[in-house]
Amino acid sequence: MPVYHFDAERPIDLHTHSNISDGTESPAAVMRAAATAGLGTIALTDHDSFDGWEQAAGAVAETGVTLIPGVEISTQIGRASVHLLGYLVDPNYEPLRDELAAVRESRLGRAEKMVARIGADYPLSWDDVLAQAEPGATIGRPHIADALAAKGIVPDRSAAFDTILHWRGGYYQPHHAPHPTTAIKLVRQAGGVPVLAHPGSRGRPAMRDGNLAELIAAGLLGVEIGHRENDDINRGLLRYAARTNDLIVTGSSDYHGTGKPNRLGENTTEPDQLQRIIDAATGCAPHYAPAAPSAFGA
Ligand code: AMP
Ligand code: FE
Ligand code: FE
Ligand code: ZN
């Protein structure tokens, strides 16, 4: 039996969001929710930001939950959005920091443009959107959705995405995002482990035209197969790709607090796969929870 420095008996969930991006809970509250859900390890993977790591790490001892620092990078192939998870990157690696800062900056201008256009037809202002986000948070359509709901224009976040905020809804604006091969290389240079998030979701750009092979050639190390947005056909294709390319395989919830129906631990990652991530990483270390007292004494 391998010796793990994380609790291999309790479930592992490697994709969660806090209010540093579009989750609804603080990083410490996400850690507490993970403990309540019975998880032993989570990765905090806010969109385009490392800003939640410190607070989450501060909650490791109290919650007994091991923290894997991570990030979900917004990338695109053509006009299609592709999300890349980066685990255990060096948060001080400047080229990656600069790219994430550029994405966040562009997201802000993009959201202001969308709100200006929506504001021509509905009683919505930029201040209404700012009221829905923590200062410095990675701004996205979820914050505009929450503002629309707070103003009573739509019933909830999901309804906003189905109508006004849909990419064909008439108000959509794009933002800057690197090609995933660029992000994969940055994550590797930062000593991290790049894992493709929910490759079988929304338009499935990663599954078309040899894109997955291109990403693997660029240094992709893993694929998130257990995710509610991956359908059965794509899970099969991904399992085959993982087997033939020796990729790490993960499963995760993509928890957003009350911002999405996804429940912590609804998909999980096997301990041996997490160990592969840890072994491949040189950018930073997990924040291990103190070992649980052994039933048989020390
Ligand atoms: P953006 O990156 O600003 O274009 O917004 C996309 C983000 O919105 C994704 O990362 C999701 O977390 C979130 N999202 C997408 N669809 C929905 C939905 N139907 N309900 C709630 N959140 C969603
Ligand atoms: Fe999100
Ligand atoms: Fe995502
Ligand atoms: Zn996510």
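## Close-up views of the two iron ions and ligand 1

**View 1. The two iron ions in the predicted model.** The iron ion (ligand 2) and the iron ion (ligand 3) are 5.5 Å apart in this structure, which is a predicted model. The protein donors of the iron ion (ligand 2) are D22, H47 and H256, whereas those of the iron ion (ligand 3) are E72, H83 and H198.

**View 2. Coordination of the iron ion (ligand 2) by D22, H47 and H256.** The donor atoms, which are OD of D22, NE2 of H47 and NE2 of H256, lie at 2.1 to 2.2 Å from the metal. Along the chain, these donor residues follow the spacing D-x24-H-x208-H. D22 belongs to the loop between β1 (12-16) and α1 (27-36), and H256 to the loop between β7 (248-251) and α11 (271-280), so this pair ties together parts of the chain that are 234 residues apart in sequence.

**View 3. Coordination of the iron ion (ligand 3) by E72, H83 and H198.** Here the donor atoms are OE of E72, ND1 of H83 and NE2 of H198, with distances of 2.0 to 2.2 Å from the iron ion. The sequence spacing of the donors reads E-x10-H-x114-H. E72 is located in strand β3 (residues 66-77) and H83 in strand β4 (residues 80-87), the two residues being 11 residues apart.

**View 4. Polar contacts of ligand 1 with R107, H256 and K260.** An oxygen atom of ligand 1 lies 2.8 Å from a polar side-chain atom of R107, and an oxygen atom of ligand 1 is 2.9 Å from an N or O atom in the side chain of H256, a residue that also coordinates the iron ion (ligand 2) through NE2. For K260, the distance between a polar side-chain atom and an oxygen atom of ligand 1 is 3.4 Å. Of the 500 Å² of accessible area that ligand 1 has on its own, the protein covers 87%.

**View 5. The shell of residues around ligand 1, which occupies the largest pocket.** Ligand 1 is surrounded by 14 residues, of which the closest are D22, R107, R110, R141 and H256; D22 is, in addition, a donor of the iron ion (ligand 2). By class, the shell comprises 6 charged, 6 polar and 2 nonpolar residues. Helices α4 (94-119), α6 (141-150) and α7 (157-162) each supply at least two residues of this shell, with α7 giving the most, namely 3 residues.

How values were computed: Residues are numbered from 1 along each chain as its sequence is written. Chains are lettered from A and ligands numbered from 1 in the order in which they are written. This is a predicted model: local features need pLDDT of at least 70, side-chain atom pairs count only at pLDDT 80 or more; totals for chains, interfaces and linings use all residues. Side-chain values use heavy atoms; hydrogens and water are left out. A residue is near a molecule or strand if one of its heavy atoms lies within 4 Å of it. A polar contact is a pair of N or O atoms within 3.5 Å; within protein, one must be able to donate a hydrogen and the other to accept it, and residues adjacent in sequence count only if both atoms are side-chain atoms. Accessible areas come from the Shrake-Rupley method with a 1.4 Å probe; for residues, only the protein chains shown count as cover. On a 1 Å grid over the protein atoms alone, a cavity is a set of points where a 1.4 Å probe fits but cannot get out, and a pocket is an open set with protein on both sides within 12 Å along at least five of seven lines; lining residues have an atom within 4 Å of a point. A molecule sits in a cavity or pocket if more than half of its atoms lie within 2 Å of its grid points. Helices (H or I, at least four residues) and strands (E, at least two) are DSSP runs, numbered from the N terminus. Ala, Val, Leu, Ile, Met, Phe, Trp, Tyr, Cys and Pro count as nonpolar, Asp, Glu, Lys and Arg as charged, and the others, Gly among them, as polar. Donors are N, O and S atoms within 2.8 Å of the metal (3.2 Å for Na, K and Ca); water is not among the atoms, so sites may look incomplete.
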